Amino acid sequence: MNTRIALLAAACTLALAACGDKSPATPDTTAAATAPTEAVETAPADTAAPAEAPAPVDAAAPAPAAAASGSDKPAAVVADCATEIEGTDAMQFNVGSIVVPASCTEFKITLKHTGTMPVAAMGHNVVITKAADMQAVAAEGMGAGAAAAYVKADDPRVIAHTSLIGGGETTSVSFAVSKIKDGGPYEFFCSFPGHSALMKGTIAVE
Ligand code: ZN
């Protein structure tokens, strides 16, 4: 018994060594990589099932990140406790979320209107509130009118807001990060009448 086990062990060791020494890693990997591809391309019914299985997992990987932000738009690029986002003539922000680094004390948002339409027709601003306050603040902002840039004066629910701008213009606002550290979720949106349905995103401290 002992001898047999020893022989088996020796044989295994040799086999392992042989494998290791041969180490045709590249051809093996290539074969392994091309095989599934061929299987997918020829795609008979029975190979399709295992071939499809990993595909949705890969495809789903980026999806939760986008879903978490509540938008299919990318997150804003943040550097030095600041970010620049864009608003367009198509009534869209170019980002769906802003992540404020917890290490920042102040954060600056610059809004660039990349369109050409005048402020009266396609005005944009950035207003930050709790997500729960967004609709009411937008509605009351509309009531405040264009002269107030669609933000009700001294609204305590408004954490920060930029001025209202038209095509080709740029505006910015800075605010204390502590204001959005707790009590969220918070959102940023454009309070121009009707725009917040499309022009909104999440803003969070991480
Ligand atoms: Zn707008």
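Okay, let's start in the middle of the protein. The largest nonpolar core has 29 residues, and the ones that touch the most other members are Ile85, Ile98, Ile109, Ile128, Ile180, Phe188 and Ile203. Several strands feed into this core: β3, β4, β7, β8 and β9 each supply at least two of its residues. The top contributor is β4, which gives three. If you're wondering about the background here, nonpolar side chains tend to be buried together in soluble globular proteins. One thing to keep in mind throughout: what you see on the screen is a predicted model.

Let's zoom in on one core residue. Which residues does Ile109 touch, once we skip those up to four places away in sequence? The list runs Thr83, Ile85, Ile98, Val126, Ile128, Thr162, Thr171, Ser172, Val173, Phe175 and Ile203. There's also a second core, separate from that one, with seven residues, among them Met134, Val137, Ala138 and Val158.

Now the sheets. As a reminder, strands in a sheet pair through backbone hydrogen bonds, in either a parallel or an antiparallel way.

One open sheet here has four strands, in the order β1-β2-β4-β7, and its pairing is mixed. At its edges you find β1, residues 78–79, and β7, residues 170–176, and each of those pairs on one side only. Further in, β2 (residues 82–87) runs parallel to β4 (residues 106–113), and six bridges connect the two. If you want a spot to click on, take Ile85, whose bridge partner in β4 is Leu111.

While we're in β2, have a look at Thr83, which sits in that strand. Buried or exposed, what would you say for Thr83? Its relative accessible area is 5%, so Thr83 counts as buried. Leaving out residues up to four places away in sequence, Thr83 touches Ala76, Val77, Val78, Ile98, Phe107, Lys108, Ile109 and Thr110. You may recognise Ile109 in that list, and yes, Thr83 turned up among the contacts of Ile109 too.

On to another open sheet, this one with five strands in the order β3-β9-β8-β5-β6, again with mixed pairing. Here β3 (97–100) and β6 (160–161) are at the edges; each has a single partner strand, so one side of each has no neighbour in the sheet. Inside this sheet, β5 and β8 are antiparallel to one another, with four bridges between them. For a concrete pair, Lys130 has Tyr186 as its bridge partner in β8.

Next up, the zinc ion. Which protein atoms act as its donors? They are the O of Gly123, the ND1 of His124, the SG of Cys190 and the ND1 of His195, at 2.0 to 2.6 Å from the zinc ion. Written along the sequence, the spacing of these donor residues is G-H-x65-C-x4-H. Gly123 is in the loop between α6 (119–122) and β5 (127–130), while His195 is in the loop between β8 (186–189) and β9 (200–205), so this pair ties together parts that are 72 residues apart in sequence. Both Gly123 and His195 are buried.

And why do we call the arrangement around the zinc ion irregular? Because the angles that the four donor atoms subtend run from 78 to 129°, and a tetrahedral label would need all angles to lie between 85 and 135 degrees.

Last topic: salt bridges. How many does a search of the whole structure find? Three. In one of them, Glu140 and Lys152 meet through their side chains at 2.8 Å, N to O. Glu140 belongs to helix α7 (residues 134–144) and Lys152 to the loop between α7 and β6, so the pair ties together parts that are 12 residues apart in sequence. Glu140 is partly exposed, at 31% relative accessible area, and Lys152 is partly exposed as well, at 36%.

Glu140 also meets Arg157 in a salt bridge, at 2.6 Å, N to O. Arg157 is in the loop between α7 and β6, so its pairing with Glu140 in helix α7 ties together parts 17 residues apart in sequence. Then Arg157 meets Asp155 at 2.9 Å, N to O. Asp155 is buried, with a relative accessible area of 6%, whereas Arg157 is partly exposed at 23%. Through shared partners, the salt bridges join Glu140, Lys152, Asp155 and Arg157 into one network.

Note on methods:
Residues are numbered from 1 along each chain as its sequence is written. This is a predicted model: local features need pLDDT of at least 70, side-chain atom pairs count only at pLDDT 80 or more; totals for chains, interfaces and linings use all residues. Side-chain values use heavy atoms; hydrogens and water are left out. Donors are N, O and S atoms within 2.8 Å of the metal (3.2 Å for Na, K and Ca); water is not among the atoms, so sites may look incomplete. Four donors count as tetrahedral if all angles lie between 85 and 135 degrees; four count as square planar and six as octahedral if opposite donors are over 155 degrees apart and all others between 65 and 115; anything else is irregular. Buried means under 20% relative accessible area, exposed over 50%, partly exposed in between (1.4 Å probe, protein chains only). Two strands pair if DSSP finds at least two bridges between them. Contact means heavy atoms within 4.5 Å. A nonpolar core is a set of buried Ala, Val, Leu, Ile, Met, Phe, Trp, Tyr and Cys residues joined through side-chain atoms within 4.5 Å. A salt bridge is a side-chain nitrogen of Lys or Arg within 4 Å of a carboxyl oxygen of Asp or Glu.
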